[in-house]
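Here is a short report on one protein model. It covers helix packing, buried charges, backbone geometry and cysteines.

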Amino acid sequence: MRIALAQMNPVVGDLLGNANRILNALDSLIKTTGTEPELLVTPELSLWGYPPRDLLFSPTHLQQQRQALDALRDGLAVRRLDIALLVGVADAADDSLHPGLFNAISLVQLSGDQVVARKQLLPSYDVFDETRYFRPSHGAGQITLSSERRDWRLGITICEDLWVDQELHGHRLVGPDPVADLIPARIDALINCSASPYGRRKATLRRQLAARAAQRLDCPVVYVNQVGGNDELVFDGASFVMSERCETPLLELPDCRETTEIWDAADRPPAALHPSARHPSAMTPWIQSGQQETEQQEMETLFRTLVTGVKDYAGKCGFQSALLGLSGGIDSALVAVIAAAALGPHQVQTLLMPSPWSSEGSLRDALNLADRLNIAHTIVPIENLMDSFQSTLTPALESAPSGVTAENLQSRIRGTLLMAMANQQGQLLLTTGNKSELAVGYCTLYGDMNGGLAVIGDLYKSTVFSLCRWLDSSQASQCRKDLSLPAEGALIGSAILEKPPSAELRPDQKDSDSLPDYDRLDPLLIDLIEHRLSGQQLTAAGHDPAEVQRIERLFRRAEFKRRQAAPLLKVSAQAFGSGWRLPIAAV
């Protein structure tokens with residue numbers, strides 16, 4: 001059987017458009033390979049795009065789903081293709097209870113369409129909220145399809161249904177084991193339709209889980225993942241076919257790129273002809289350890305993910321160009337590189353807004369970076385505006401603004417200028433703050449937090465440095481070339497990389513004046529945010545007690561800022577996005 005893996009980048013809510021994308025993927029595959037698959041597999045909720053969120057409550061969208069399924073069937077008929085499609089749908093229950101939908105897979109053929117699988121394990125942790133919309137199913141999905149040689153029995157699972165091995169990932173949901181339910185059926189292959197967002201080392205974990213399922217079922221696993229950015233989530237694709245006997249996938253699709261490829265299983269005998277022991281008691285050593293990415297590979301995947309997130313957020317929101325403030329610091333430098341790779345350098349504009357406290361070196365570094373990236377820049381000094389605010393506020397305050405008030409005024413002047421330019425020119429304003437700053441409130445509401453997307457809002461400062469060092473290394477040359485960035489020489493530059501971090505809002509200011517050095521702060525924040533350690537546990541883990549007490553206080557006080565921050569691209573296990581739900585008024 002020839003099975004096509006359609007690694008799609010759907011647009012959320014565009015059901016008819018997504019149906020066309022499926023047909024276009026099929027057309028392109030046949031044109032490129034000269035081969036017609038017998039089955040084309042698409043990701044989870046592929047007609048809707050994941051996550052559709054409250055669009056699932058829309059009767060109009062549910063009606064459009066029917067039209068989209070009809071369009072798929074008609075598209076096969078017009079093309080005279082006797083091909084089966086597996087597409088992700090929202091299946092209405094036959095009662096009036098809530099929730100009234102199933103997360104399902106529909107089999108579309110010339111003869112019609114029918115739901116053949118429903119999701120059993122519904123994630124409602126972190127960014128996922130599926131129990132708000134769906135009810136869990138009971139029982140495994142199975143279909144039988146005829147190929148040129150014989151009939152194929154295929155099991156079908158949806159995303160989380162594959163994540164059932166507690167030993168591998170430690171967060172198994174309460175509920176059935178969809179893989180175990182398929183063991184008696186002696187299927188020839190397991191298909192998993194997924195919408196699994198990017199996460200550090202997550203691609204390796206997916207392959208481990210699939211390898212374990214293949215081992216238990218004694219059959220290959222076809223894993224098809226969504227690709228592309230939808231709001232804060234970036235789906236990295238990296239679909240594959242995993243054999244029950246191989247330590248490496250039989251087929252691997254690239255990450256962060258829409259593509260469709262065929263896996264030909266013609267040489268595989270029927271399951272009944274190779275009755276090996278199923279559900280073995282022990283994992284192979286490879287499944288337990290996996291093939292971990294190197295640090296260089298991790299950096300490249302992270303960079304491509306951020307580029308994909310910016311490109312799709314801008315494109316799907318109707319923006320062709322972006323604007324950002326360029327300070328000469330490392331954060332805005334990284335965001336500028338990501339934006340240039342995502343949108344093209346001629347679609348990126350930067351605004352340099354020096355104050356009396358901006359160093360000549362920072363202005364020079366910002367200009368040099370803009371030249372290296374070939375992006376437009378405009379210089380707008382803010383000293384006159386600072387003087388105007390001071391003279392206006394002094395009578396009301398009975399003294400000149402000072403301290404943090406004066407510093408925040410500078411940030412808000414810059415934020416206002418950026419918003420005005422973005423509004424006037426129809427650009428997406430990109431904020432440049434990092435996760436470390438957002439965690440402790442080292443940022444200004446209605447100032448440097450202004451914007452439509454926080455590109456590196458889920459990167460700790462130390463990760464920003466690591467990613468920038470990688471970008472300037474020889475290991476990044478091919479990636480830079482692939483993304484139409486200058487392939488040779490430094491992008492960020494040593495002057496920016498070696499400069500002590502500073503907001504430059506007062507004379508000789510450095511971040512270390514107000515915060516611990518980032519090599520101490522970031523490990524503490526990781527334990528606090530991602531591991532959820534208490535103050536006592538943080539101290540027991542080796543963090544300085546005085547720093548723990550101070551950072552905990554700053555962290556709690558900054559929750560109101562995080563609630564009002566721009567959407568950020570999630571790349572860590574715990575981001576300050578839809579999966580972060582701490583109260584503001586709390587102890």
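What follows goes through the helices, then the backbone, then the cysteines. The model is predicted.

**Two helix pairs**

Two packed helices are described by the angle between their axes and the distance between the axes. Two pairs are described here.

Start with α7 and α8. Helix α7 covers residues 295–316, and α8 covers 330–343. Their axes lie 8 Å apart and pack at an angle of about 60 degrees. The crossing of α7 past α8 is right-handed. On the α7 side, the contact is made by Phe303, Leu306, Val307, Val310, Lys311 and Ala314. On the α8 side, Val337, Ile338, Ala341, Ala342 and Leu343 make the contact. By class, the residues of this contact are 10 nonpolar, no polar and 1 charged.

The second pair is α16 and α18. Helix α16 is made up of residues 518–529, and α18 of residues 545–557. The two axes come within 11 Å and cross at roughly 60 degrees. Here too, the crossing is right-handed. Helix α16 brings Arg520, Leu521, Leu524, Leu525, Leu528 and Ile529 to the contact. Helix α18 brings Glu547, Val548, Ile551, Glu552 and Phe555. This contact divides into 8 nonpolar, no polar and 3 charged residues.

**Two buried glutamates**

Is Glu547 of α18 buried or exposed? Glu547 counts as buried because its relative accessible area is 16%, and the cut-off for buried is under 20%. The side chain of Glu547 makes a polar contact with the side chain of Arg520, at 2.4 Å. Leaving out residues up to four places away in sequence, Glu547 touches Pro516, Arg520 and Leu524. Of these, Arg520 and Leu524 also belong to the α16 side of the helix contact.

Glu298 sits in helix α7. With 7% relative accessibility, Glu298 is also buried. Which residues does Glu298 contact, leaving aside its neighbours within four places in sequence? They are Arg200, Arg201 and Glu293.

**Helix α13 and its surroundings**

Helix α13 runs over residues 461–471. Its buried residues are Lys461, Val464, Phe465, Leu467, Cys468, Trp470 and Leu471. Against which helices do they pack? The partners are α7, α8, α12 (435–440), α14 (477–482), α15 (494–497) and α16. So the list includes both helices of the α7 and α8 pair, along with α16 from the other pair.

**Backbone exceptions**

Most residues other than glycine have a negative phi, and most peptide bonds are trans. Four places in this model are set out below.

| Place | Backbone feature | Location |
|---|---|---|
| Tyr50 to Pro51 | cis peptide bond, omega about 0 degrees | Pro51 in the loop between β2 (39–41) and α2 (59–79) |
| His98 to Pro99 | cis peptide bond, omega near -5 degrees | Pro99 in the loop between β3 (84–92) and β4 (101–109) |
| Asp231 | positive phi, near 55 degrees | loop between β10 (227–230) and β11 (233–236) |
| Asn374 | positive phi, near 60 degrees | loop between α9 (360–373) and β17 (376–379) |

How accessible are the two residues with positive phi? Asp231 counts as partly exposed, at 45% relative accessibility. Asn374 is likewise partly exposed, at 47%.

**Cysteines**

A disulfide is a covalent bond between the sulfur atoms of two cysteines. How many disulfides does the structure hold? The count is 0.

Why is Cys159 not bonded to Cys193? The sulfur of Cys193 is the closest cysteine sulfur to that of Cys159, but it is 9.8 Å away, too far for a bond. Cys159 counts as buried, at 8% relative accessibility.

Cys479 is in no disulfide either. Its nearest cysteine sulfur belongs to Cys256, 9.5 Å away. The cut-off for a disulfide is 2.5 Å between sulfur atoms. Cys479 is buried, with a relative accessible area of 1%.

Definitions and conventions. Residues are numbered from 1 along each chain as its sequence is written. This is a predicted model: local features need pLDDT of at least 70, side-chain atom pairs count only at pLDDT 80 or more; totals for chains, interfaces and linings use all residues. Side-chain values use heavy atoms; hydrogens and water are left out. Helices (H or I, at least four residues) and strands (E, at least two) are DSSP runs, numbered from the N terminus. Buried means under 20% relative accessible area, exposed over 50%, partly exposed in between (1.4 Å probe, protein chains only). Contact means heavy atoms within 4.5 Å. A polar contact is a pair of N or O atoms within 3.5 Å; within protein, one must be able to donate a hydrogen and the other to accept it, and residues adjacent in sequence count only if both atoms are side-chain atoms. Axes are lines fitted to C-alpha atoms, for helices over the stretch in contact, and angles run from 0 to 180 degrees between N-to-C directions. A crossing is left-handed if the near helix is turned anticlockwise from the far one by less than a right angle, and right-handed if clockwise. Ala, Val, Leu, Ile, Met, Phe, Trp, Tyr, Cys and Pro count as nonpolar, Asp, Glu, Lys and Arg as charged, and the others, Gly among them, as polar.
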